[in-house]
Amino acid sequence: MSVMASKISYENQAFIETKVNQLWKMKFVKFYNFRNDYKERDSTQAFILQDTLANPNLFVVAFRGTSPFDADDWRTDADLSWYMLKAMGNARAHSGFMQALGLQKNKGWPKVIEQDNNGGPQFAYYTLREKLREILKENEEAKFILTGHSLGGALAILFPSVLMLHDEKWLLDRLDGVYTFGQPRVGDEKFGEYMKANMRKFDVKYFRYVYSNDMVPRVPYDDKNTLFKHFGPCLFFNSFYVGKVLPEEPNKNYFSLLWVVPKVVTAFWELIRGFILPYVYGPNYKEGWFLRMLRLTGLLIPGLSAHSPQDYVNSTQLGTLSDQQLRLHELTRY
């Protein structure tokens, strides 16, 4: 459910609503277009669905990732400046992602802000927090999960960090898990330690999926200059969709002369594989022209086409992950 919600989040509201209600037989709750206070325009999208038409057990909040032709999304990704979180022991987080989530210019993260709910600008964290309070109070047994692909995955894991910052215990107790796909690094080592301690405290599951040579989970770089760090293990799937639990994805900073040839060979296999899968598993696995073009581009820039949401969908539907590996993830996720 989480990977399909992450993939469909790139579509427009009407398409998402129709798909959720009519095909998935779930209930579309709301689509949002959120303001970035620093850019002074709406540039962050998310939607909420519930798992049944009535008496839901689960609500899903899915953040949209980087749209290929949206310059503002790319500017957000490329902003490598830090935002200092003194209340987290001077932990640092990716400033661009924090701004997309609702960081207030000149105010930081106040617990409450004034928002005009009658057509005025809405900010992702504050609006979603209030909506979740509302729908979860109406459904006392239900929980919620957060999910997203790429930039959407970064926002999904940062959302609970601000809940922790504001001591939102009631919502954190209702948060079942965070599922991210192709998520970039979002903070430094102190940020990761803070998140692990608090996710352990509230028993929040964290599943960070990484597919093959996807370049995005390998940025911003984890080195002595940038200091960005992932936290917790990753669920890594190779180009044959065989999964394993690893402390860190292989070739963690992407650029390495030792990996050039293997990455090009894998990119060529991914191009060929796109023609094979529909014959083996059916027409649902047929790749469109845009992804085919992306696969060709991947021969020049290996790891670019591997970031496609389709490979993450395939990893969850066709991928293999042993019970032993799942137990390993459970033991090492904190």
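Lys105 is partly exposed in this predicted model, with a relative accessible area of 28%. Its salt-bridge partner is Glu40, and the N to O distance between the two side chains is 3.2 Å. That's one of 20 salt bridges that a search of the whole structure turns up. Below is a quick tour of this pair, then of a buried set around Asp311, and then of helix 11 itself.

**The Lys105–Glu40 pair**
- Both partners sit in loops: Lys105 in the one between helix 4 (95-101) and helix 5 (124-138), Glu40 in the one between strand 1 (27-36) and strand 2 (41-50).
- The pair links distant parts of the chain, with the two positions 65 residues apart.
- Glu40 counts as exposed because its relative accessible area is 57%, and the cut-off for exposed is over 50%.
- Lys105, at 28%, falls in the partly exposed class.

**Asp311 and its two arginines**
- Asp311 pairs up with Arg273, and their closest N and O atoms are 2.8 Å apart.
- This salt bridge also links distant parts of the chain: Asp311 belongs to helix 11 (residues 309-318) and Arg273 to helix 9 (residues 260-281), 38 residues away.
- Asp311 makes a salt bridge with Arg295 too, at 2.9 Å from N to O.
- Arg295 is in helix 10 (residues 289-300) and Asp311 in helix 11, so this contact ties together parts that lie 16 residues apart in sequence.
- As for accessibility, Asp311 is buried at 0%, Arg295 is buried at 0%, and Arg273 counts as buried at 2%.
- Those values land in the buried class because the cut-off is under 20% relative accessible area.

**A salt-bridge network**
- Elsewhere, Arg129, Glu130, Arg133 and Glu168 are joined into one network by salt bridges that share partners.

**Helix 11 up close**
- Helix 11 is mostly covered, with seven of its 10 residues buried.
- Besides Asp311, the buried residues are Gln310, Tyr312, Val313, Asn314, Ser315 and Leu318.
- Where the helix starts, Ser308 points a side-chain oxygen at the backbone nitrogen of Gln310, coming within 3.0 Å of that atom.
- Gln310 is thus worth a look from two angles: the backbone nitrogen takes part in that contact, and the residue is on the buried list.

Note on methods
Residues numbered from 1 in each chain as written. Predicted model: local features only at pLDDT ≥ 70, side-chain atom pairs only at ≥ 80, totals over all residues. Heavy atoms only, no water. Salt bridge = Lys/Arg side-chain N within 4 Å of Asp/Glu carboxyl O. Helix = DSSP H or I, 4+ residues; strand = E, 2+ residues; numbered from the N terminus. Buried < 20%, exposed > 50% of the residue type's maximum accessible area, 1.4 Å probe, protein only. Polar contact = N/O pair within 3.5 Å; in protein donor to acceptor, adjacent residues only side chain to side chain.
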